[in-house]
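Please examine how the protein chains meet the DNA strands, and then how the aromatic rings are arranged.

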Number of protein chains: 2
Amino acid sequence: MATIYEVAKLAGVSPATVSRVFNGMGVSEDKTAAVRDAARQLGFTPNRTARTLRRQASEVIALVIPDIENPYFTEMARGVEDVASEAGYSVVLCNTDSRVDKEATYLQIAISEHMAGVILAAASDHSDLDELLARGRPVVAVDRGTGYDIDGVVMANRQAGQAATENLVQAGYTRIACLTGPEHVETAYERAQGWRGVMARHFPELDLDPLLRYSTFRVDGGREVMEELLGSAEPPDAIVAANNLLGVGAIQVLTEHGMTPPKMGVAVIGSLPFTTLTPSAVTVVRLPARHMGVTAAKMLLGRIGGDTQPARTVVLRNEVQPARI
Amino acid sequence: MATIYEVAKLAGVSPATVSRVFNGMGVSEDKTAAVRDAARQLGFTPNRTARTLRRQASEVIALVIPDIENPYFTEMARGVEDVASEAGYSVVLCNTDSRVDKEATYLQIAISEHMAGVILAAASDHSDLDELLARGRPVVAVDRGTGYDIDGVVMANRQAGQAATENLVQAGYTRIACLTGPEHVETAYERAQGWRGVMARHFPELDLDPLLRYSTFRVDGGREVMEELLGSAEPPDAIVAANNLLGVGAIQVLTEHGMTPPKMGVAVIGSLPFTTLTPSAVTVVRLPARHMGVTAAKMLLGRIGGDTQPARTVVLRNEVQPARI
DNA sequence: ACTCTAGAAGAAATCGATTTCAAGCTCAAG
DNA sequence: CTTGAGCTTGAAATCGATTTCTTCTAGAGT
């Protein structure tokens with residue numbers, strides 16, 4: 001309720017002086033004290049809307065993600081939030097459901113609310129960032145690329161696919177299938193490529209096509225594809241699930257068929273925070289989601305602070321946590 | 001970039017007229033057309049900050065929750081988001097980590113950003129809403145009460161505890177423990193009370209105290225308490241987990257000890273969206289989290305729209321999904 | 001003693017949309 | 001023919017903080 005004018009009147013100074021006190025400009029000690037005192041008495045908090053209007057920039061950053069119900073993204077959100085709130089920024093979480101139109105709406109809001117920057121896990125590879133970038137708002141891509149020359153943080157996806165597959169090969173499995181997301185999604189494709197490379201090297205005579213299944217990055221996608229594989233003429237003896245939720249779906253189906261690991265080898269790319277399997281029954285390629293969020297937030301804050309070096313892409317290494325039976 | 005003044009100039013009208021066109025006031029057809037045309041040419045989007053400053057209210061609602069990594073809350077967030085974005089509102093997700101100080105910061109931001117309203121899953125039962133309510137900002141409590149006379153949506157917690165317990169009793173278990181959250185958290189206490197009532201009725205001679213364990217509402221809390229129970233002099237033959245994450249932790253420990261259900265009866269209050277157990281091995285009391293979000297958002301939008309009827313509390317019924325072995 | 005500079009502080013412009021107020025205009029009723 | 005009710009429209013005030021522009025004062029330098 002209290003405005004800068006009321007504080008000014010109570011402190012016997014001009015509004016400009018009050019503003020200067022709160023923004024660390026040169027104000028004499030006695031006036032500073034008077035202002036702070038008056039502000040305390042009135043319970044004054046600067047009106048952020050007015051400040052944003054005048055400054056043409058707010059202390060809010062948008063975090064735009066495709067699926068708020070995926071723990072991978074919420075873990076990342078935590079990382080972003082921790083860094084941002086430490087720096088006095090608040091985070092608006094925007095859920096796009098992987099829909100380009102919802103994403104466009106949120107990006108438009110980011111502009112018209114003068115948000116300081118955007119961290120974007122793009123819904124598709126042709127998201128339109130023209131307007132945002134034209135206005136000089138920094139954008140950092142996470143998890144997936146955008147087709148623009150901007151900062152980014154991604155996982156080592158191909159290497160993750162390789163590591164998962166290699167681990168199953170070492171454990172003695174020979175017919176390893178790959179369950180991955182939509183072919184046009186970069187992470188899905190890259191992880192599958194990692195799998196393909198390792199398989200081709202170890203089993204050059206094997207026909208890989210029946211073992212590679214594209215689906216959705218969701219639990220039901222994993223269930224569906226796993227059922228298909230189990231019902232096929234030559235079922236696999238192990239699987240690589242290219243994301244956490246796919247992995248959950250697949251393991252559910254395996255459990256229902258009494259095929260729990262190690263009967264069927266299972267490697268999952270991405271953590272399974274709420275799995276009820278004993279953690280060590282499955283090989284997990286841990287993706288440092290929180291770290292990704294932290295890194296992206298730091299990069300974004302750097303850009304907001306005026307950093308103008310050329311765009312960088314940070315690739316985060318994964319950590320393999322092998323199944324111990 | 002384009003402002004209302006530039007649109008006005010291009011269309012040959014006053015800024016006031018442009019504003020009226022975008023707010024559905026009486027403007028003649030030809031001027032309306034001219035304005036829309038000019039706006040399209042310039043790619044004009046109204047500046048939300050300026051609008052908020054003038055209107056003293058924005059189209060943003062804050063959703064304040066204690067744990068963004070809990071699927072229960074993200075499912076609820078989805079419900080809120082769907083209703084809100086349908087009505088042209090956007091949702092800011094604020095994660096408090098159950099910390100009263102972080103919560104207070106976010107509530108302060110809600111005020112100084114002129115947010116239209118707040119949906120709050122309180123971090124404690126003495127959250128301070130005085131200022132928010134004094135400013136006439138509507139607040140809807142979800143999941144837990146607040147100590148204020150405001151709208152609320154809660155689960156039938158006691159009944160959930162009863163239903164879970166009753167189900168295990170019917171299945172023939174006789175020594176049923178209860179794992180719940182911090183005693184001072186309303187939902188934890190109420191669910192435990194539901195369990196206690198049913199146990200007292202069926203097994204009046206049983207000493208319930210060793211079977212009731214307060215912990216945190218997190219996976220590690222569930223693990224810890226489950227280990228304790230298994231190591232105790234007289235371990236239970238079944239457990240009621242008062243929330244989803246507690247349940248996950250408990251089931252993890254049971255799996256490691258080869259005590260998977262139905263060897264040990266397990267009933268969980270709250271869904272296990274990403275569990276890798278076959279869904280039917282555990283009794284689940286489904287909490288309609290999405291529905292809670294939808295209901296709360298509707299109530300809040302009603303209040304924002306000027307609804308002044310006395311505060312209501314909606315209690316949502318749960319649905320028991322029994323274990324089929 | 002006089003000019004010059006640096007710092008402090010107030011007055012007023014500014015950010016962009018909304019809204020009040022007043023003006024101008026048309027058409028109908030008396 | 002006049003009064004007035006009901007429109008549309010523009011001019012200008014407004015929301016609250018920031019920032020530029022000015023003015024003023026005190027202290028340094030010559």
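An N or O atom in the side chain of B:Arg54 lies 2.7 Å from a base oxygen of DNA strand D, a polar contact being a pair of N or O atoms within 3.5 Å (within protein, one must be able to donate a hydrogen and the other to accept it, and residues adjacent in sequence count only if both atoms are side-chain atoms). A:Arg54 likewise places a polar side-chain atom 2.7 Å from a base oxygen of DNA strand D. The side chain of A:Arg51 instead has an N or O atom 2.8 Å from a phosphate oxygen of this strand.

This is a predicted model, in which local features need pLDDT of at least 70 and side-chain atom pairs count only at pLDDT 80 or more, while totals for chains, interfaces and linings use all residues. Residues are numbered from 1 along each chain as its sequence is written, chains are lettered from A and ligands numbered from 1 in the order in which they are written, and side-chain values use heavy atoms, with hydrogens and water left out.

Around DNA strand D there are 27 residues, of which A:Ile4, A:Arg54, B:Thr17, B:Arg20 and B:Ser28 come nearest; a residue is near a strand if one of its heavy atoms lies within 4 Å of it. Of the atoms of DNA strand D within 4 Å of the protein, 61% belong to sugar or phosphate and the rest to bases. At least two residues of this surface come from each of helix 1 (4-11), helix 2 and helix 4 of chain A, and from each of helix 2 (15-22) and helix 4 (48-55) of chain B. Helices are DSSP runs (H or I, at least four residues), numbered from the N terminus. Helix 4 of chain A supplies the largest share, four residues. By class, the surface near DNA strand D comprises 10 nonpolar, 10 polar and seven charged residues, where Ala, Val, Leu, Ile, Met, Phe, Trp, Tyr, Cys and Pro count as nonpolar, Asp, Glu, Lys and Arg as charged, and the others, Gly among them, as polar.

DNA strand C also has 27 residues around it, and A:Thr17, A:Ser28, A:Arg54, B:Ile4 and B:Arg54 come nearest. Sugar and phosphate make up 62% of the atoms of DNA strand C that come within 4 Å of the protein. On the phosphate side, the side chain of A:Thr17 has an N or O atom 2.5 Å from a phosphate oxygen, and B:Arg51 has a polar side-chain atom 2.8 Å from a phosphate oxygen. A:Arg20 addresses a base, with a side-chain N or O atom 2.7 Å from a base nitrogen of DNA strand C. Helix 4 of chain B gives the most to the surface near this strand, with four residues.

The aromatic rings come next. Over all chains there are four aromatic pairs, meaning rings of Phe, Tyr and Trp (its six-membered ring) with centres within 6.5 Å; planes under 30 degrees apart count as stacked, over 60 as edge-to-face and the rest as tilted. The ring centres of A:Phe22 and A:Phe44 are 5.4 Å apart and their planes stand at 55 degrees, so this pair is tilted. The pair links distant parts of the chain, 22 residues apart: A:Phe22 lies in helix 2 (residues 15-22) and A:Phe44 in the loop between helix 3 (29-42) and helix 4 (48-55) of chain A. A:Phe22 is partly exposed, with a relative accessible area of 32%, whereas A:Phe44 is buried at 13% (buried is under 20%, exposed over 50%, partly exposed in between, with a 1.4 Å probe and protein chains only).
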